[in-house]
Amino acid sequence: MLSDTLFRLPRYDGLHQLQRRGDRGARELTTHRLMLSAGGSASYAVPDEETVVVLQSGRGTLAAGGQSWSVARASVFTERATALLLPAGVELTVYADTPLEAILVSAPSTAGGRPVLCAPADVVVNTRGRDVYRRDVHDLFVRDPHGRRLMVGETFNEPGNWSSYPPHKHDGRDGEPVLEEVYYYRVDPPGGFGLQLLYTADGEHATHQVHDGDLVLLPYGYHPACVPPGYRLYYLWALAGEHRQLAVYEDPAYRWVHNAVS
């Protein structure tokens, strides 16, 4: 059910599961949040799932597959991402020099390949929409040759703006590729909120008030989002499906917005 797709878990040290494949309709994706204090470390490995690790904040070292990378990010709102693509079965160890937070999203995949780092200079920046639905979309692992099933990026909404608008979906009901998706939200300042809408053409609908650190599963249906004036909204998005192809189907009722005069 669309009304049962919000996941909320307090932040505290350790590696913690936010949502799991097989629960609440999730078929593809599992999401973890890693939080470490300065000097802490943690290890992670899944034998049959590909994972993308996205640094949210902090400074430390990522070690996997015989390689290591020094990484740092002050916050998602001030610096571009650093992300690591981790093939199935490859162990990751994270060492924190300062308090560190990262999100790990995984999906079933065959083993093989090597870890690949997406550094801030590698992020592909796209501007989408206009007026009050203008947003910046950062591709981390989307059209690259490295990932097998996952596509991951970040979206940034300025105060009062909408994104995923005009509303789109990718559930295959109109011939588009079938993709499951999750959104992980940050809000600046963190005391604010955003709204995540989900609906289908046959009348199923839900609206979630999302706060800093929340996650919503988007198993099917249209899913526009917005943030009120005075606050910025960020969400990390990750998709997986049978085909690694980013394609969407826009709600025909709202396509006219593209041609509307300001």
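The following conversation concerns a predicted model, its open sheet and its salt bridges.

Me: How many strands form the open sheet, and in which order?
Reply: In this predicted model, 7 strands make up the open sheet, arranged as β1-β19-β16-β21-β13-β12-β11. Their pairing is antiparallel.

Me: Which strands are at the edges?
Reply: The edge strands are β1, covering 6-7, and β11, covering 124-128. Each of them pairs on one side only.

Me: How many bridges join β16 to β21?
Reply: There are 10 bridges between strand β16 (residues 179-188) and strand β21 (residues 232-241), and the two run antiparallel. As an example of the facing residues, Tyr 185 is opposite Tyr 235 in β21.

Me: Changing topic: how many salt bridges are there?
Reply: The count comes to 20 salt bridges. One of them is formed by the side chains of Asp 4 and Arg 24, at 3.8 Å from N to O. Asp 4 belongs to the segment before β1 and Arg 24 to the loop between β2 (14-19) and β3 (30-36), so this pair ties together parts that are 20 residues apart in sequence.

Me: Why can such side chains pair at all?
Reply: Side chains of opposite charge can pair when their charged atoms come close.

Me: What is the accessibility of Asp 4? And of Arg 24?
Reply: Asp 4 has 37% relative accessibility and counts as partly exposed. Arg 24, at 39%, also counts as partly exposed.

Me: Which residue forms a salt bridge with Arg 11?
Reply: The partner of Arg 11 is Asp 212, and their closest N and O atoms are 3.1 Å apart. Arg 11 lies in the loop between β1 and β2, while Asp 212 lies in the loop between β18 (205-210) and β19 (215-218), so the pair ties together parts that are 201 residues apart in sequence.

Me: Is Asp 212 buried or exposed?
Reply: Asp 212 counts as buried, because its relative accessibility of 17% is under 20%. Arg 11, in contrast, is partly exposed at 31%.

Me: And what about Arg 27, which residue does it form a salt bridge with?
Reply: Arg 27 forms a salt bridge with Glu 180, with 3.8 Å between the closest N and O atoms. This pair links distant parts of the chain: Arg 27 is in the loop between β2 and β3, and Glu 180 is in strand β16, 153 residues apart. Glu 180 is buried at 0% relative accessibility, whereas Arg 27 is partly exposed at 43%.

Me: Last one: which residues are joined into one network?
Reply: Lys 169, Asp 171, Arg 173, Asp 174 and Glu 176 are joined into one network by salt bridges that share partners.

Note on methods. Residues numbered from 1 in each chain as written. Predicted model: local features only at pLDDT ≥ 70, side-chain atom pairs only at ≥ 80, totals over all residues. Heavy atoms only, no water. Pairing = 2+ DSSP bridges. Helix = DSSP H or I, 4+ residues; strand = E, 2+ residues; numbered from the N terminus. Salt bridge = Lys/Arg side-chain N within 4 Å of Asp/Glu carboxyl O. Buried < 20%, exposed > 50% of the residue type's maximum accessible area, 1.4 Å probe, protein only.
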